[in-house]
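Visitor: Hi, could you walk me through this one? I'd like to start with the charged side chains.
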Amino acid sequence: MRIKGIKCAVCGFDFESTYGELGKGFIHIHHVNPISNMKEQYEIDVEHDLFPVCPNCHAMLHRKKGSTLSIEELKQIIQQICCNVNSENAVIIHENAAKLL
């Protein structure tokens, strides 16, 4: 995506950094207004309606049937988990999201 890049908007994961040439340019695109909810023709506003996300975050955004988490809501969930990790139970959520306390 030219406007937002190809790092996950939730966790910052970058496929090229992890997988090299194989991951270059790879990312999922999250529609803020799910395509399944679009009953009529809808003009997509790329800046506000589409976000690059890794497959894991994309799955979590859509995890609850009937509702979709916002990018910010999922960021908050990850931040809460990261902040509750102590040094004896270090957990890596994603390469750039983990915080070891």
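Guide: Happy to! First a definition: a salt bridge is a side-chain nitrogen of Lys or Arg within 4 Å of a carboxyl oxygen of Asp or Glu. Lys and Arg count as positive and Asp and Glu as negative, while His and the chain ends are not counted. This is a predicted model, where local features need pLDDT of at least 70, side-chain atom pairs count only at pLDDT 80 or more, and totals for chains, interfaces and linings use all residues. Residues are numbered from 1 along each chain as its sequence is written, and side-chain values use heavy atoms, with hydrogens and water left out.

Visitor: Thanks. Which side chain of opposite charge is nearest to Asp49, and how far away?

Guide: That is Lys4, 8.0 Å away, and Asp49 has no salt bridge although Asp49 is buried. Buried means under 20% relative accessible area, exposed over 50%, and partly exposed in between (1.4 Å probe, protein chains only).

Visitor: Where is Asp49 found?

Guide: In helix 2, residues 46-49. Helices here are DSSP runs (H or I, at least four residues), strands are E runs of at least two, and both are numbered from the N terminus.

Visitor: And what does Asp49 touch?

Guide: Setting aside residues up to four places away in sequence, Asp49 touches His30, His31, Val32, Tyr42, Glu43 and Ile44. Contact means heavy atoms within 4.5 Å.

Visitor: Back to Lys4, then. Where does Lys4 lie?

Guide: In the segment before helix 1 (15-19). Lys4 is partly exposed, with a relative accessible area of 24%. A polar atom of the Lys4 side chain lies 2.5 Å from the backbone oxygen of Glu47, and one lies 2.6 Å from the backbone oxygen of Leu50. These are polar contacts: N or O pairs within 3.5 Å, where within protein one atom must be able to donate a hydrogen and the other to accept it, and residues adjacent in sequence count only if both atoms are side-chain atoms.

Visitor: New topic: how many disulfides come out of the count?

Guide: Zero, with a disulfide taken as a pair of cysteine sulfur atoms within 2.5 Å.

Visitor: Why is Cys11 without a bond to another cysteine?

Guide: Because the closest cysteine sulfur, in Cys8, is 3.7 Å from the Cys11 sulfur, too far for a bond. Cys57 is in no disulfide either, as the nearest cysteine sulfur, that of Cys54, is 3.6 Å away.

Visitor: Is Cys57 buried or exposed?

Guide: Buried, with a relative accessible area of 3%. Cys11 is buried too, at 6%.
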